[in-house]
Amino acid sequence: MIKNLRLINFRSHADTTVGLQPITVLVGPVGAGKSNLLKSLVMIQNSVHYTLVEIFPPGLSEFHLVRSRWAGVTDPIGFEIELDSLDGFPDHSAKYKLIIADSPEGLFISEETLEKKIADQAWEWVYRREMRGRTTLGEFGEVLPRDPSLLHKVWHKAPDLNITAAGVRFALSVARNLSKIGYFHLEVSELKKRGTGQSVERIGYYGGRLPDFIGWTKSREEGAPVYQAILSEMKEVLPELESIIVTRAGTDQQALAMSFQNHRGYIAAPDLSDGTMLTLGMLCIAHSPVKPAVLCLEEPEGGLHPRRMRWVFDRLMQLAYPPADQQAVQVILTTHSPYLVDLFSEMPESIVVAEQQSGRSKATPLPKLREKLHIKGNSTGIGHEWAIGLYEGL
């Protein structure tokens, strides 16, 4: 689980540190920097999978677009992330730092460090990469400044690694955890699109290939329980729903439709309501056999009636706090719904308020803001308090 996240010169954040819970809801006005917190996690994940040139293709100025607009022309962007309950190291915590800088010769990593600790013991270095020239980091082999991150090197099992060394095995565990970040921003237009005709075990990050996923649930034995769970929960929202149908569309595509009681034929996805498709997309994420360890979700309340916020809240809580025999999914979501925020009234530590001051984003845990206002105890109207601006400017 991610415990803390720090951004340096990334998009709207000059220097922001935020603590994260098993489920964290980010609130704030448009442009406050909520989504940038989620996108920073995707950037960290990309640094495990891809080289700097692949992340920031030359000539497209993408690095300069993600660097804060008030940062100097030579200032780097950076990320620090603290994790615990690592795969293979359940009693360890990890602290990872990555600083990427620019130069006339191109991008390079000016600093990359990894630390570990057990329980309340002191932090220990796993590696410390701080240089501009060629160097050798023991079991991690030779490294140049323009090389990818060491987590990338470990993930791809470079030949000069001592793959059995304790530090390398720990770094690989950190890389695995960071590779399991899933970012979803469901869009109705993507959810209503036709699929490719090839079965998949999860939908796309924007909702694409939904027919292919439902097709998998209906064509594979292991997918049958997934389909039944999705259908059952869809009927809670649409009691007259009979079936979710996958139809052939041409020679190499398939489309989605639904059949209803007392309704002749079926209704194709383009004619279904936006709320229906967004609800289906949410359930496909929740019940996919390929769940991320960290689920980043943009505005899950989109297109839904305010009375359905409890339904959304319950599904997210089931992911973050599942039965003992299931793997927990850390949930980080953004929202503009005071109705959804109200449902977190008994867990205010899970609410983080984002806002911009002088163009710079900041993120503050709600309990700190309530302390400044001398508000004690939990409130059943936290969503209303936030919506009317009670926590702004603090």
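This report walks through a helix, two cores, a pocket, the cysteines and a few single residues of one predicted model.

A word on the ground rules: residues are numbered from 1 along each chain as its sequence is written, and side-chain values use heavy atoms, with hydrogens and water left out. Since the model is predicted, local features need pLDDT of at least 70 and side-chain atom pairs count only at pLDDT 80 or more, while totals for chains, interfaces and linings use all residues.

**Helix H7 and Thr217**

Let's start with helix H7, residues 210-219. Helices here are DSSP runs of H or I with at least four residues, strands are E runs of at least two, and both are numbered from the N terminus. Eight of the 10 residues of H7 are buried, so the rest of the structure largely encloses this helix. Buried means under 20% relative accessible area, exposed means over 50%, and partly exposed is in between, with a 1.4 Å probe and protein chains only. The buried set is Leu210, Pro211, Asp212, Phe213, Ile214, Gly215, Trp216 and Thr217. Their cover includes helix H6 (188-191), helix H8 (224-237), strand S11 (241-248), strand S12 (254-260) and helix H9 (274-287).

Thr217 has a relative accessible area of 1%. Its side chain reaches the backbone oxygen of Ile214 at 2.6 Å. That is a polar contact, a pair of N or O atoms within 3.5 Å; within protein, one must be able to donate a hydrogen and the other to accept it, and residues adjacent in sequence count only if both atoms are side-chain atoms. Skipping residues up to four places away in sequence, Thr217 touches Gly223, Ala224, Val226 and Tyr227, where contact means heavy atoms within 4.5 Å.

**Two nonpolar cores**

A nonpolar core is a set of buried Ala, Val, Leu, Ile, Met, Phe, Trp, Tyr and Cys residues joined through side-chain atoms within 4.5 Å. The largest one has 58 residues, and the members touching the most other members are Ile23, Leu210, Phe213, Ile230, Ile244 and Leu280. Take Leu280: outside its neighbours within four places in sequence, it contacts Leu210, Ile214, Ile230, Met234, Ile244, Leu256 and Met258. There's also a second, separate core of 57 residues, with Leu7, Ala171, Val352 and Ala363 among them.

**The largest pocket**

How much space lies in the largest pocket? About 720 Å³. The search runs on a 1 Å grid over the protein atoms alone: a pocket is an open set of points with protein on both sides within 12 Å along at least five of seven lines, and lining residues have an atom within 4 Å of a point. Grid points are joined across faces, edges and corners, and the volume is the space filled by probe spheres set on the points. The lining counts 31 residues, of which Pro292, Leu319, Gln327, Ala328 and Val329 lie nearest the centre. Strand S4 (77-86), helix H5 (166-178), H8, H9 and helix H10 (309-320) each chip in at least two lining residues.

**Cysteines**

Searching the whole structure turns up zero disulfides, with a disulfide taken as a pair of cysteine sulfur atoms within 2.5 Å. Why is Cys296 unpaired? Its closest cysteine sulfur, in Cys284, is 19 Å away, which is too far for a bond. Cys284 is buried at 1% relative accessible area, and Cys296 is buried at 0%.

**Positive phi and a loop contact**

Two non-glycine residues with positive phi are tabulated here.

| Residue | Phi | Place | Relative accessible area |
|---|---|---|---|
| Ser85 | near 55 degrees | strand S4 | 46%, partly exposed |
| His374 | near 60 degrees | loop between helix H12 (366-372) and helix H13 (382-387) | 72%, exposed |

Finally, Asp147 sits in the loop between strand S9 (142-143) and helix H4 (150-155), and is partly exposed at 26%. Asp147 and Phe108 are 39 residues apart in sequence, yet 7.3 Å apart in space, C-alpha to C-alpha. Beyond four places in sequence, Asp147 contacts Leu52, Ile109, Arg129 and Glu142. Of these partners, Ile109 belongs to strand S6 (residues 108-118) and is buried, with a relative accessible area of 1%. Contacts of Ile109 beyond four places in sequence include Leu52, Leu98, Met131 and Pro148. Ile109 and Thr24, 85 residues apart in sequence, are 30 Å apart in space, C-alpha to C-alpha.

Methods: 1 Å grid on protein atoms, 1.4 Å probe; cavity = no way out; pocket = protein on both sides within 12 Å on 5 of 7 lines; lining within 4 Å.
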